[in-house]
Amino acid sequence: MTTIADMQREEKAPILHLKTSTIHIKGILAATDLSDGASRALKVAAHLAKQLHSRLHVLHAIAPQVYVPGGAGLTPLLQEIDIKHAKAALHKYVAKVPEVRVLKHEQLIVCEPPIEAIASVVETKGIDLVVMGSHGRGGLGKM
């Protein structure tokens with residue numbers, strides 16, 4: 001017979017049993033677009049990093065912008081301003097996630113398309129696991 005107390009204990013118990021696993025994950029990358037869906041994924045990444053004694057890297061990629069019509073690309077000054085604002089936004093975002101605040105982690109801002117940014121960080125930082133959430137759109141938003 002299962003009681004309500006048993007069910008509540010089961011809900012609170014961690015599902016992961018990775019401490020006894022032979023898997024050794026040194027680096028975890030949590031890629032985020034600063035959305036609520038990504039926040040949930042960041043919490044999972046933090047939990048995994050804590051369980052596995054792994055280094056957590058939090059990445060926010062900002063797509064390069066062309067500021068001048070017909071221009072050759074990004075001006076260094078405007079790119080620097082974008083990166084400064086993105087760093088502040090990422091710091092504020094991560095500060096709202098208690099699971100991450102208590103962990104030693106690195107916050108990264110890259111001015112590249114997200115796919116390229118994730119690939120380059122995985123290669124340069126020796127990431128073993130990438131965690132990311134959905135952009136959160138459903139139903140008509142997907143269309």
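How many bridges join β2 to strand β3 (residues 105-110), and in which sense do the two run? In this predicted model, β2 and β3 are joined by six bridges and run parallel. Within this pairing, H60 lies opposite I109 of β3.

On the other pairing of β2, strand β1 (residues 27-31) is the partner, again in the parallel sense, with five bridges between the two strands. Here R55 of β2 serves as the bridge partner of G27. The connection from β1 to β2 passes through helix α2 (residues 36-52), and the resulting β-α-β crossover is right-handed. Strand β2 thus pairs in the parallel sense with β1 and runs parallel to β3. As for accessibility, six of the seven residues of β2 (residues 55-61) are buried, so the strand is largely enclosed by the rest of the structure.

These strands belong to a protein that contains five helices and four strands. Along the sequence, the elements succeed one another in the pattern α-β-α-β-α-α-β-α-β. The protein has 143 residues, of which 30% are buried. Among contacts with a separation of 6 or more, 75% are between residues 24 or more positions apart. The accessible surface of the protein amounts to about 9800 Å², and carbon and sulfur atoms account for 59% of this area.

The loop between α4 (98-101) and β3 contains K104. This residue has a relative accessibility of 68%, and because exposed denotes values over 50%, K104 counts as exposed. Despite this exposure, K104 is in contact with R55 and L56 when its neighbours within four places in sequence are left aside. R55 is also the residue of β2 that bridges to G27. In addition, K104 and K50 are 54 residues apart along the chain, with their C-alpha atoms separated by 9.5 Å.

A further surface feature is a nonpolar patch formed by L77, L78 and I81, which together have about 250 Å² of accessible area. I81 is located in helix α3 (residues 76-95). With a relative accessibility of 39%, I81 counts as partly exposed, since that class covers values between the 20% limit for buried residues and the 50% limit for exposed ones. K104, by contrast, counts as exposed at 68%.

How values were computed: Residues are numbered from 1 along each chain as its sequence is written. This is a predicted model: local features need pLDDT of at least 70, side-chain atom pairs count only at pLDDT 80 or more; totals for chains, interfaces and linings use all residues. Side-chain values use heavy atoms; hydrogens and water are left out. Buried means under 20% relative accessible area, exposed over 50%, partly exposed in between (1.4 Å probe, protein chains only). Two strands pair if DSSP finds at least two bridges between them. A crossover is right-handed if, with the strands pointing away from the viewer, the path from the first strand over the helix to the second runs clockwise. Patches are made of residues with over 30% relative accessible area and no salt bridge: like charges are joined within 9 Å, nonpolar side chains (Val, Leu, Ile, Met, Phe, Trp, Tyr) within 5 Å. Accessible areas come from the Shrake-Rupley method with a 1.4 Å probe; for residues, only the protein chains shown count as cover. A salt bridge is a side-chain nitrogen of Lys or Arg within 4 Å of a carboxyl oxygen of Asp or Glu. Contact means heavy atoms within 4.5 Å.
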